[in-house]
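Reader: I would like a close look at one part of this model, the helix nearer the end of the chain. Please set it in context and then go through the rest.

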Amino acid sequence: MALRFIGIDPDTGQQGSPTIWVDEAKQELVLQGWKPDEGLEAECAAFEAPGHAPGIPAHEAVIRIPVRMVPMLRKACDVAERTGL
């Protein structure tokens with residue numbers, strides 16, 4: 001795996017932190033974040049996107065990351081675009 005570290009939430013200290021990487025080999029953004037509470041997960045699962053069944057497939061997860069990490073997400077997207085992913 002060719003993970004390129006982009007950034008880590010500077011406000012979370014040493015107890016696990018939302019993190020962003022770009023996986024150049026798989027051409028994916030990789031995000032580590034906080035688990036949602038039951039209410040948020042249920043709300044996401046109930047959302048009906050056109051052409052898709054509601055629910056969260058067993059192989060997928062809802063995660064939360066702080067808005068303060070938006071610049072890191074932009075950087076990850078820029079890296080992906082620049083490297084032709």
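Author: What follows starts with the whole chain, turns to helix α2, and then moves to the pocket and the loops.

This is a predicted model. Its mean pLDDT is 90. Of its residues, 98% reach 70 or more. The chain has 85 residues, and 21% of them count as buried. The C-alpha atoms fill a box of roughly 35 × 35 × 20 Å along the principal axes.

The secondary structure comes to 2 helices and 3 strands. The order from the N terminus is β-β-β-α-α. Helix α2 covers residues 70-82. Helix α1 covers residues 38-46. Among the elements, α2 has the lowest mean pLDDT, at 92. The highest belongs to α1, at 95.

Now to α2 itself. How far apart are the end C-alpha atoms of α2, and what span should its 13 residues have? The end atoms are 18 Å apart. At 1.5 Å a residue, the 13 residues should span 18 Å, so the two values agree.

Next, the sides of this helix. Met-72, Ala-76, Val-79 and Ala-80 are the buried residues of α2. Seen down the helix axis, the buried residues fall within an arc of 100°, so they line one face of α2. The face turned away from that buried side carries exposed residues. These are Pro-71, Arg-74, Glu-81 and Arg-82. Buried here means under 20% relative accessible area, and exposed means over 50%.

Then the pocket. The largest pocket has a volume of about 160 Å³. Its lining includes Cys-44 and Phe-47. Ala-53, Pro-54, Gly-55, Ile-56 and Pro-57 also line this pocket. So do Glu-60, Ala-61 and Val-62. By class, the lining residues divide into 8 nonpolar, 1 polar and 1 charged.

Phe-47 deserves a second look. This pocket-lining residue lies in the loop between α1 and α2. At 58% relative accessibility, Phe-47 counts as exposed, because the cut-off for exposed is over 50%. Phe-47 and Pro-10 are 37 residues apart along the chain. Their C-alpha atoms are separated by 31 Å.

Gly-51 also sits in the loop between α1 and α2. At 84% relative accessibility, Gly-51 counts as exposed. From Gly-51 to Asp-78 is 27 residues in sequence. In space, C-alpha to C-alpha, that pair is 29 Å apart.

Last, the loop between the strands. Strand β2 covers 19-23 and strand β3 covers 28-32. Glu-24 lies in the loop between them. Is Glu-24 exposed or partly exposed? Its relative accessibility is 26%, so Glu-24 counts as partly exposed. Glu-24 and Leu-40 are 16 residues apart in sequence. Their C-alpha atoms are 31 Å apart in space.

Gln-27 is found in the loop between β2 and β3 as well. The backbone of Gln-27 has a phi near 60°. That is a positive value in a residue other than glycine.

Back to your helix, in brief. The ends of α2 are 18 Å apart, C-alpha to C-alpha. One face holds the buried residues, since they fall within an arc of 100°. The face turned away from them carries Pro-71, Arg-74, Glu-81 and Arg-82.

Terms used:
Residues are numbered from 1 along each chain as its sequence is written. This is a predicted model: local features need pLDDT of at least 70, side-chain atom pairs count only at pLDDT 80 or more; totals for chains, interfaces and linings use all residues. Side-chain values use heavy atoms; hydrogens and water are left out. pLDDT is the predictor's confidence in each residue, from 0 to 100. Helices (H or I, at least four residues) and strands (E, at least two) are DSSP runs, numbered from the N terminus. On a 1 Å grid over the protein atoms alone, a cavity is a set of points where a 1.4 Å probe fits but cannot get out, and a pocket is an open set with protein on both sides within 12 Å along at least five of seven lines; lining residues have an atom within 4 Å of a point. Grid points are joined across faces, edges and corners, and a volume is the space filled by probe spheres set on the points. Ala, Val, Leu, Ile, Met, Phe, Trp, Tyr, Cys and Pro count as nonpolar, Asp, Glu, Lys and Arg as charged, and the others, Gly among them, as polar. The expected span of a helix is 1.5 Å times one less than its number of residues. Buried means under 20% relative accessible area, exposed over 50%, partly exposed in between (1.4 Å probe, protein chains only). The arc is that of the directions from the helix axis to the C-beta atoms.
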